[in-house]
Amino acid sequence: MFSRAYRAVITLPPTLWVAVLLLVPYTLLFCYSFWSVSPSQAIVHSWTLDNYREFFRVNVYLQTLFRSMWIAARVTFFSLLLGYPLAYYLSFHAGKRKDLFYQLVIIPLWVSYLVRAYAWKTILGSDGVLNTLLQYVHLTKHPVEFLLYSPFAVVLTLTHIYTPFAFLPIYASLEHIPRNLVEASHDLGGSPFQTFWRVIFPLSIPGVLAGATFAFVLSLGDFLAPLLLGGPSGIMISNIVVSLFGAAYNWPLGAAISLCMLVLVVGLLFLSEKLEKKWSFR
Amino acid sequence: MSNNGSVHMSRWLPWHAIAVFAFLYLPIVTLVVYSFNRSGVGGFPPHNLTLDWYRMLFSDYAIWTSVLNSVLVAFSAMAISLAFGIPAALALDRANFPGKALFRRLVLLPLILPGIITGLSLLMLFRQADVKLSLVTIVLGHGTALISVATTEVFAGLQKLDRAQEEASLDLGANYWQTFCRVTIPNLRLSIIGAALLIFTLSMDEIAVSFFLIGRDNTLPLEIWGRLRRGITPEINAISSIIFLFSLAAIVTWYHLRLSAEAKPGIAAELVETAAQGD
């Protein structure tokens, strides 16, 4: 029903724009990762695998990558731990208050990410809200130091930020479960425990996978929370990339590390998409 | 729903929910409360409530310049994202062209990749093309990255659109442009407003891409970022509280708008859902 001209008009501008401002930059990232910097800090446009070799050879890079994955894994775990029961409660037990509660989960998403990370900093600092509260009620005499500038602070803040992201797909998948399945399970004598583990949970797995992927991928690439709250022991892989693009001035190495991150992220998304398809009942 | 017998679970679930909400709102409440605290951002209990930080904020030229910059960037990014995102959604819905699958994935990539990767890729492009970094490069960055939002929102709207209406319009002698303006766009109104609102908010808050593309002029998040590194005062709490109030007003407005049209969940949620499904 649509003419060729119509289709050309809707297709050409966005594809051209996206080609120039997304395809070319991502391709450049790929190219840069095989280039190098000369001692005079000029980019040498000859192909080499040195950046990748360096990434896999120098301990600090891999260690930081693994630490980032470990932080992201903990964030994912806690986001699911907070998000799943909440989603289950809203979907099955909240009754009339469901919509209100749902909005209450969404609202923090609209508060600036930077601002929320900053707020945690004012809470966790050695003269911050939490420490002064602890001293005020005489639980401790001296400020508890490990709260801020530690991987703990990063995990806490990122969990705070990504819990709604984990919650949303889980909630959506729970809402899609036909209620008569649950009733059938009850009628056939299934206990609430059995109904949950054998009917509801398996049907919510695609949502869990999507939520987990979001939490993991988004926290893996984070660089602001570590800078604000992480201290030296909470540095993540993106911080290394940022410094390579800034003071350290080694764009090709930064590009190589970014590309490894990109491959990791895209691989995870691909995997979770496959698994979701496998588990979805539609 | 029959709740018979699920006493055990339903006993601790509300407490868990309360705990999660407390966790989600603790920083926001702290932020607002301490914006009135004379003696700084920490210290329990807050005492000597004051409006001084707000007074200081209102005469802070640098902050308001950055707010103005951010608003300008957000509006321009919104225009770019919608100008390319709406046709992109139409193209994905109703045209077949070589590279369509690649195009779909490419458009969504900035939404799912860490912002830093998109930011530094664009930095390389501008460096290679000898473009000087400024607010314009930030607009291009935001506009491009957020095409994903416009596309997903409008694409979702198109799935619900009754194509017979467009067909009728064409059969009755309207040309494509008239059909687009009078049938397609009005039907997508809610999706487009939703996308615009979301793009505006995301752009106002964006930092990873801006971080690499910043020239001399700061956007608000980068201005705040710069101050955080120099030492923190409740002035930052004050500007954050004001902005929170504005976004809250925007959400409530949007929610009522949407509620009056159709009962549907929030757009942010829908976005996450569509992104999760990968199309």
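A residue here is called buried if 20 or more other C-beta atoms lie within 10 Å of its own, exposed if 12 or fewer do, and partly exposed in between, with C-beta atoms placed from the backbone. Keep in mind that this is a predicted model, where local features need pLDDT of at least 70 and side-chain atom pairs count only at pLDDT 80 or more, while totals for chains, interfaces and linings use all residues. Residues are numbered from 1 along each chain as its sequence is written, and chains are lettered from A and ligands numbered from 1 in the order in which they are written.

**View 1. Chain A, with twelve helices and two strands.** Helices (H or I, at least four residues) and strands (E, at least two) are DSSP runs, numbered from the N terminus. Walk along chain A from that end and you meet α-β-β-α-α-α-α-α-α-α-α-α-α-α. The radius of gyration of chain A, taken over C-alpha atoms, is 24 Å, well over the 19 Å that the globule rule (2.2 Å times the number of residues to the power 0.38) gives for 282 residues, so chain A is more spread out than a compact globule. Its C-alpha trace spans about 75 × 75 × 35 Å along the principal axes of chain A. Of the 282 residues in chain A, 48% count as buried.

**View 2. Chain B, with 14 helices and zero strands.** Its pattern is easy to read out: α-α-α-α-α-α-α-α-α-α-α-α-α-α. Of the 279 residues of chain B, 46% count as buried. Two residues are in contact if their C-beta atoms, placed from the backbone, lie within 7 Å. Take the contacts in chain B between residues at least 6 apart in sequence, and 81% of them join residues at least 24 apart.

**View 3. Where chain A meets chain B.** Here 81 residues of chain A are in contact with 77 residues of chain B. Helix α1 (residues 4-32) of chain A gives the largest share of chain A's side, 18 residues. Sorted by class, that side has 58 nonpolar, 17 polar and six charged residues. Nonpolar means Ala, Val, Leu, Ile, Met, Phe, Trp, Tyr, Cys and Pro, charged means Asp, Glu, Lys and Arg, and the others, Gly among them, are polar.

**View 4. Helices α3 and α7 of chain B crossing.** The axes of α3 (residues 61-94) and α7 (residues 147-160) of chain B come within 8 Å and cross at roughly 45 degrees. Axes are lines fitted to C-alpha atoms, for helices over the stretch in contact, and angles run from 0 to 180 degrees between N-to-C directions. Angles under 35 degrees count as roughly parallel, over 145 as roughly antiparallel, 65 to 115 as roughly perpendicular and the rest as oblique, and α3(B) and α7(B) are therefore oblique to each other. Look for B:Phe84 and B:Leu92 among the contact residues of α3(B), and B:Val154 and B:Phe155 among those of α7(B). By class, this contact has twelve nonpolar, three polar and one charged residues.

**View 5. Two loop residues with positive phi, A:Tyr249 and B:Asp130.** Most residues other than glycine have a negative phi. A:Tyr249 has a phi near 45 degrees and sits in the loop between α11 (237-245) and α12 (251-279) of chain A. With 12 other C-beta atoms within 10 Å, A:Tyr249 is exposed. For B:Asp130, phi is about 60 degrees, and the loop is the one between α5 (115-128) and α6 (135-145) of chain B. B:Asp130 counts as exposed too, with 6 C-beta neighbours inside 10 Å.
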